Amino acid sequence: MQMRGPRTAVRGNWIAAAGMAVAVVATLLIDGMGNWLLIALGIGIGTVISIPSAYKVKMTAMPQMVALFNGLGGGAIALISWAQFRDTAGFVDYPLHAVISSLFAALVGSISFWGSLIAYGKLQELLSGKPITLGRLQQPINVFMIACAVAACVVVIAGGTSEWWMIALLIASAVVGLMVVLPIGGADMPVVISLLNALTGLSAAAKGLALDNTALIVAGMIVGASGSILTSLMAQAMNRSIPAIVAGGFGGGAAAPPSAGAEERPVRSTSASDAAIQLAYAGKVVVVPGYGMAVAQAQHAVKEMASLLEKQGIEVSYAIHPVAGRMPGHMNVLLAEADVPYEALKEMDESNSEFSQTDVALVIGANDVINPAADTDPASPIYGMPILKVNHCRSIIVIKRSMSPGFAGIDNELYYDPKTSMLFQDAKTATTDIVEELKHL
């Protein structure tokens, strides 16, 4: 219950951490746990690496940290299954349900680990955000490697005790994890992170069943169930099925520039002073945040701007698209960090019902999630995707560094709308300039 809202989420995290600490201590107190020196060494190494990393990571890099930490959980589960196989000499005299659970945990955990590494690499821009595929061979190879992993599981269940079968299972599932995530583009990455998180939870629950560990079963099922629900909701928010996303996403980090014809279309530019005047004389302003706000770390300047407008009696709210940014809830987290009231954050459906009564929509770094082509162009790759319908507002100001397209790699018709003014600046610089202008009005 504590995790249902940002006001209580911190307390909920502390309660969850305390619960896991109790579970770890209780596990360590079991007779015959093993080499205490190795256990202490592992805890020490993990603590030294994780705590500084978590403190130093920027909010813009939080998605890739989530992907990495999530993947490490899946990898740990896979290694535990391998160690269990070795300790039992190939699951000899092991209950059938425990053998199946361990093999499932190894397969899914390995997929989650290697898939999460690719997601991390794409988000960190170590790999191209564009889909990386083998063309027509992609799906046959995926099917073949899944078949190999399942075949290794069957052999082990049937009594195969050679460690090479377990190694084959881990290698085949690793290839599946790599090959499934590589073809997924940056536009689908929020869904991928959520899906991999769900897989890690399921592998942990399966491992808990094999080890007869209730805490692991409960924690894994909570993560798996919540991750599955979130994955479904995120896919719905993009109007894309989960199989379609796994089969190969669209979009990438280095999108192609607009065509020559698009560059010649008229665009109306504005300045920070003109934008400030327009905002100051509005009755209702809706801020539409996107990844550009996250990259520029502009959330604090946005909060200051909103406070100045509210002091003048102007109603300010924030329209949040479910997949804005690079992970579920990315914009909510950033704005909460800047102490923006949770009540001011409005979901897509509520915002869309209010845009027609909105004087000014201030778009800060959002792109595909406001593109009218999703409603008007059947040939567009984002056609049918639910969007924030800012084109219904009386006036629109877009803060963006250039006319380059977003992750989907397509031109945005909103930028050429006669009601739209483009403020070509870094999000933080532009918002800070608007704040200074508002102070002098």
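# A walk through the predicted model

Let us begin with charge: the protein carries 25 positive and 31 negative charges, and their mean positions are 1 Å apart. Here Lys and Arg count as positive and Asp and Glu as negative, while His and the chain ends are not counted. Each charge is placed at NZ of Lys, CZ of Arg, CG of Asp or CD of Glu.

Some ground rules will help. This is a predicted model, in which local features need pLDDT of at least 70 and side-chain atom pairs count only at pLDDT 80 or more, while totals for chains, interfaces and linings use all residues. Residues are numbered from 1 along each chain as its sequence is written, and side-chain values use heavy atoms, with hydrogens and water left out.

Now step back to the overall form. The protein has 17 helices and six strands; these are DSSP runs numbered from the N terminus, with helices being H or I of at least four residues and strands E of at least two. Along the principal axes, the C-alpha atoms fill a box of roughly 80 × 50 × 35 Å. The radius of gyration is 25 Å, which agrees with the value near 22 Å that a compact globule of 441 residues would have. That radius is taken over C-alpha atoms, and the globule rule is 2.2 Å times the number of residues to the power 0.38.

The accessible surface comes to about 20,800 Å², and 65% of it belongs to carbon and sulfur atoms. Such areas come from the Shrake-Rupley method with a 1.4 Å probe, and for residues only the protein chains shown count as cover. Of the 441 residues, 46% count as buried. Buried means under 20% relative accessible area, exposed means over 50%, and partly exposed lies in between (1.4 Å probe, protein chains only). As for contacts between residues at least 6 apart in sequence, 79% of them join residues at least 24 apart, where contact means heavy atoms within 4.5 Å.

Next, the interior. A nonpolar core is a set of buried Ala, Val, Leu, Ile, Met, Phe, Trp, Tyr and Cys residues joined through side-chain atoms within 4.5 Å. The largest such core has 42 residues, and Val 288, Ile 370, Leu 388 and Val 390 touch the most other members. Two or more residues come from each of α4 (96–123), α7 (189–211), α8 (214–237), β1 (284–289), β4 (360–364) and β5 (395–400). Helix α7 gives the most to this core, with five residues. To see the packing around one member, look at Val 390: setting aside residues up to four places away in sequence, Val 390 touches Val 288, Phe 355, Ala 361, Ile 370, Ile 396 and Leu 414. There is also a second, separate core of 40 residues, which includes Val 316, Ala 324, Ile 397 and Ile 434.

Helix α4 deserves a visit of its own. Ser 102 sits in this helix and is buried, because its relative accessibility is 0%. Beyond residues up to four places away in sequence, Ser 102 touches Ser 81, Gln 84, Phe 91, Lys 207 and Ala 210. Trp 114 is also placed in α4, but with a relative accessible area of 32% it is partly exposed. Apart from neighbours within four places, Trp 114 is in contact with Ala 174, Gly 177 and Leu 178. Phe 91, one of the partners of Ser 102, is 23 residues from Trp 114 in sequence and 25 Å away in space, C-alpha to C-alpha.

Just before α4 comes the loop from α3 (62–87), which holds Ala 89. This residue has a positive phi of about 55 degrees although it is not a glycine, and at 48% relative accessibility Ala 89 counts as partly exposed. Asp 93 lies in the loop between α3 and α4 too. Its phi is also positive, at about 60 degrees, although Asp 93 is not a glycine; with a relative accessible area of 78%, Asp 93 is exposed.

Two more stops complete the tour. Met 234, in helix α8, is buried at 3% relative accessible area. Leaving aside neighbours within four places, its contacts are Pro 190, Val 191, Pro 322, Val 323 and Pro 328. The C-alpha atoms of Met 234 and Val 192 are separated by 9.6 Å, with their positions 42 residues apart along the chain. Finally, Ala 344 lies in the loop between α14 (330–337) and β3 (345–347), and counts as buried at 12% relative accessibility. Outside its neighbours within four places, Ala 344 is in contact with Val 316, Ser 317 and Tyr 318; Val 316 is one of the residues of the second core.
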